[in-house]
Amino acid sequence: MGEIVRLQKYIAMSGAASRRAAEKMIDEGRVSVNGKRITEQGVKVEVGCDTVEIDGKPVKAETKKIYIALNKPAGYVTTLHDQFGRPTVSDLVSNDIHTRVFPVGRLDYETEGLLLMTNDGVWANKVAHPRYESTKRYYAVLKGVLTIPSLNKIRRGVVIDGKKTSPSECEIIEIQSGLTLVEITIHEGRNRQVRKMFEAVGNPVKELKRVQIGNVELGNLAEGRWRHLTSGEISYFMNK
Ligand code: URA
């Protein structure tokens, strides 16, 4: 679904006329929507869906492309609507961003950290599609002490859902009070992959946080907050 805007704004977004001039054109009966002449102000149209014509010639508005990094807290779903009424990541951005942006890939309900969101489907596909293998870096708190043989298994690949994971980089950061903090970088994005990998070696994940995707780092972005990506971060994926 595209952005819903007033007709005069749509015309202004297309570059065909200013908003004021567009209002005049509507008054003069020069504008039609989906073949129907519009003469009253305030009609709303959907970008990318409705057909708008001025003097019989189509004009096309483009929604501005938006790319953001969100620090998702645990307890939010990455779908746009949740059948159980749980909070969604859209709730965290919709106050400030008036265009519909959708999550790129997923993070589990309980997982926190870096989530990219955009309204650019082509770009989203490049980031999330397995073929492009964007690297993803996580911190995970594991139950129990991760042994060196288990660490090596994680690095080489473990079988989850009947298929071996591709090699990953994994380091133990700290072992304390029967828990192990690890940093892990994976090059695929299978469903609940990190959780399943550590389950496979007998160290279930207690907490999981994503801190990097490709060249985009979470950095010190506060929990629940978002920022625009830089042009370098956006083009990194475009050029893959
Ligand atoms: N791996 C997981 O298990 N969960 C996530 O949310 C992301 C990666």
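This passage walks through an annotated domain, a ligand site and a cavity in a predicted model.

Starting near the beginning of the chain, UniProt lists residues 5-64 as "domain: RNA-binding S4", and the entry behind that label is unreviewed. Over residues 5-64, helix and strand turn out to be evenly matched, with 28% of each. The C-alpha atoms at the two ends of this stretch sit 13 Å apart.

Further along, there is a ligand to look at. The residues around the ligand come from several parts of the chain: Leu 107, Asp 108 and Thr 111, then Tyr 138, then the run Arg 192, Gln 193, Val 194 and Arg 195, and finally Leu 208. Some of these residues place N or O atoms close to ligand oxygen. Thr 111 does so with its side chain, where an N or O atom is 3.0 Å from an oxygen atom of the ligand. Arg 192 and Arg 195 use the backbone instead: a backbone N or O atom of Arg 192 lies 3.2 Å from a ligand oxygen, and for Arg 195 the corresponding distance is 3.0 Å. Taken alone, the ligand would expose 240 Å², and the protein buries 95% of that.

As for enclosed space, the structure holds one cavity of 30 Å³ or more. The largest cavity has a volume of about 40 Å³. Its lining draws on Val 127, Ala 128, His 129, Pro 130, Glu 133, Ser 134 and Lys 136, together with His 187, Glu 188 and Gly 189. By type, the lining of the largest cavity is a mix of three nonpolar, four polar and three charged residues.

Notes
Residues numbered from 1 in each chain as written. Predicted model: local features only at pLDDT ≥ 70, side-chain atom pairs only at ≥ 80, totals over all residues. Heavy atoms only, no water. UniProt positions renumbered as here; feature names shortened; annotations may be inferred. Helix = DSSP H or I, 4+ residues; strand = E, 2+ residues; numbered from the N terminus. 1 Å grid on protein atoms, 1.4 Å probe; cavity = no way out; pocket = protein on both sides within 12 Å on 5 of 7 lines; lining within 4 Å. Points joined across faces, edges and corners; volume = space filled by probe spheres on them. Nonpolar A, V, L, I, M, F, W, Y, C, P; charged D, E, K, R; others polar. Near = heavy atom within 4 Å. Polar contact = N/O pair within 3.5 Å; in protein donor to acceptor, adjacent residues only side chain to side chain. Areas by Shrake-Rupley, 256 points an atom, 1.4 Å probe, with all protein chains shown as cover.
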